[in-house]
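The following exercises are to be worked with the sequence and the structure at hand. Each task is followed by a solution in steps.

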Amino acid sequence: MSAPTYDLGTLHGGLRLPGEKSVSTSQEIQKVPIPDQLVLPIAQHVGEAAHPVVGIGEYVLKGQLLAEPYGSLSAPIHASSSGKVVAIEPWPVSRRFGQTAPCIVIECDGDDQAIEQAQPLEPFNTLEPDVLLGKITQGGIVGLGGAVFPTGQKLMQATTMPLQYLILNGVECESYISCDDLLMREQAAEVLGGAQILMHALRVSECYVVIESDKPEALKAIGTAMGELNDDRIVLKQVPTIYPSGGEDQLVQLVTNLEVPSGGLPTDVGCVVQNVGTAAAIYRWICEGEPLIARVTTVTGPGIKAPMNVLARIGTTVADVVEFSGGYSESAEQLVIGGPMTGKSVTTDRVPLVKATNCVLVLSDTDPLGDEQPCIRCGECAVVCPIQLLPQQLFWYACADNEAKMRSHGLIDCIECGCCDLVCPSHIPLTADFRNAKARIRELADEKARAERARIRFESRNERMEQEQLSREQELAQQKDTALKAGPAAIEEIMRRQKAKDKKDADET
Ligand code: SF4
Ligand code: SF4
């Protein structure tokens, strides 16, 4: 095992945030008991919602397929415990997926009976990489770092590019969140097992496991597991604790000194980035046959009585995990799913814990910033922007709804990290404005694409009708020619047949 290295490359901007992590890291990961009810949204990933394959009243086993992927970008959903499907209905969800979304509701029987795997588990390195990628897709694995991109599809897309590095992201730079830290401390062998599977699937032979300097226990646990594994293709890298060094593009730059081009992906510079939790989930699916039905989540904040990291089944409601963590404290004011910088507020704890839920944060202050004031052009936001954008300028164009200028000033590269908000003395909610502006740009692009598809459909229909008309005329001319040679009775018969055919065509149209 090579010694961890430190401080590779430099990042522009960023912030040193208060960690606030020790409150949730003082004990081991605690297992949340099987709840009475599981609520499983059929869309827990980027892309199309999955399609339910079970009906109301059906008894399902743990690990059973509940909804199959639909379209080219989608992921299956599996039952997190055994029980009866009692409803498939809209349910409140984290705002990322809308206000409510269709969910499969299971009344658990408490037996936790698991489905027998249809296929015997084979050693992953005996499988062809393409077969392995297909298997990863079937496990419902999505990016657990927050992106929730279906992992199988992400890896398949990556293999169309020349690749050099696999980077495992153990950089958990946002305040309060500590689930990856605890996962690396307690499941280091699974994380590295996942790295080996990913390297085989991607046909790469260099892997970096990247961890921040403020996680000495995780660094030690991964280092020890690497020593036991003795696979010198995997290298441990320690990086400084700066927010947002865990962003994919920032991590690539920190580790390899390669710059992901504007609007591009890490694969453009030969890198694939996966979260450490995703790697462990891949290991559990490929080597132990357990699809993605549970995850480690941090339940923390001043509004929680006993902050901790929990291992909870996907579909457990936030109310259940909060209750398991001692319940709300008297100062609880605001419920956030995710961290304080990138999380989303929710108004009810009926929302279920989904594959993306890395943190349930309960804050005591709903408005820590104060009233918004006009921009004083101090430039602080530009100093901290890790993408080197000019947020004050972008804000101006966002207010004017000037799409062309927003694009030319790189809005689409904004990673919505929230650094600019935090330093703005005028308390302007810059990130929210940029998020909305990006959504509008995406909507416009979708509208344009829809209009273009409609235009192509219209033109090809016209072309087809013209072709049909032409061939009808040619056929008629040929028949007339034949009839002229055959005499008047034959002409009449042809005219009658043609009239009947035209009437039929008109009726069908
Ligand atoms: S930090 Fe705020 S006040 Fe300063 S330039 Fe940026 S938007 Fe304007
Ligand atoms: S939210 Fe966007 S504009 Fe603001 S600092 Fe982060 S990347 Fe830059």
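For the exercises on ligand shells, Ala, Val, Leu, Ile, Met, Phe, Trp, Tyr, Cys and Pro count as nonpolar, Asp, Glu, Lys and Arg as charged, and the others, Gly among them, as polar. The model is predicted.

**Exercise 1. Describe the shell around ligand 2 by its closest residues, its contributing elements and its classes.**

Solution. Begin with the residues: ligand 2 is surrounded by 13 of them, and the closest are Cys385, Cys414, Cys417, Gly418 and Cys420. Next, assign elements: α12 (419-423) and α13 (430-486) are those that give two or more residues to this shell. Finally, sort by class: the shell around ligand 2 contains 10 nonpolar, 2 polar and 1 charged residues.

**Exercise 2. List the residues around ligand 1 and divide them by class.**

Solution. The list reads Cys375, Ile376, Arg377, Cys378, Gly379, Cys381, Gln392, Cys424, Pro425, Ser426 and Ile428. Division by class gives 7 nonpolar, 3 polar and 1 charged residues for the shell around ligand 1.

**Exercise 3. Characterise the chain as a whole by its elements, extent, burial and contacts.**

Solution. Count the elements: there are 14 helices and 18 strands in the chain. For the extent, the C-alpha trace spans about 100 × 60 × 50 Å along its principal axes. Of the 509 residues, 48% are buried, and the accessible surface of the chain is about 24,400 Å², with 51% of it belonging to carbon and sulfur atoms. Turning to contacts, take those between residues at least 6 apart in sequence: 72% of them join residues at least 24 apart.

**Exercise 4. Determine the strand order of the open sheet formed by 6 strands, and state which strands stand at its edges.**

Solution. Following the pairings across the sheet yields the order β2-β15-β14-β18-β16-β17, with mixed pairing. The edges are held by β2 (30-31) and β17 (344-346); each has a single partner strand, so one side of each lacks a neighbour in the sheet. The partnership of β17 can be examined further: β16 (residues 334-337) pairs with β17 in the antiparallel sense over 3 bridges, and Ile337 stands opposite Lys344 in β17. A helix also belongs in this description, since α3 (residues 179-186) lies across β14 (294-300) and β15 (308-313) and runs at about 125° to β14.

**Exercise 5. Establish how β3 is covered and paired.**

Solution. Strand β3 (residues 37-41) has 4 of its 5 residues buried and is thus mostly covered. Its pairing with β9 (residues 100-108) is antiparallel and comprises 5 bridges. Within this pairing, Val105 in β9 is the bridge partner of Val39.

**Exercise 6. Identify the buried residues of α1 and the elements that help to cover them.**

Solution. In α1 (residues 129-138), the buried residues are Pro129, Leu132, Leu133, Lys135, Ile136 and Thr137. Their cover includes α2 (151-158), α4 (188-202) and α7 (276-288). Just after α1 comes Gly140, whose phi is positive, at about 70°.

**Exercise 7. Is Asp231 buried or exposed?**

Solution. Locate the residue: Asp231 occupies the loop between α5 (216-229) and β12 (234-239). Apply the cut-off: buried means under 20% relative accessible area. Asp231 has 14% relative accessibility and therefore counts as buried. Last, inspect the surroundings: apart from neighbours within four places in sequence, Asp231 is in contact with Gln196, Met199 and Met226.

Terms used:
Residues are numbered from 1 along each chain as its sequence is written. Chains are lettered from A and ligands numbered from 1 in the order in which they are written. This is a predicted model: local features need pLDDT of at least 70, side-chain atom pairs count only at pLDDT 80 or more; totals for chains, interfaces and linings use all residues. Side-chain values use heavy atoms; hydrogens and water are left out. Two strands pair if DSSP finds at least two bridges between them. Contact means heavy atoms within 4.5 Å. Axes are lines fitted to C-alpha atoms, for helices over the stretch in contact, and angles run from 0 to 180 degrees between N-to-C directions. A residue is near a molecule or strand if one of its heavy atoms lies within 4 Å of it. Buried means under 20% relative accessible area, exposed over 50%, partly exposed in between (1.4 Å probe, protein chains only). Accessible areas come from the Shrake-Rupley method with a 1.4 Å probe; for residues, only the protein chains shown count as cover.
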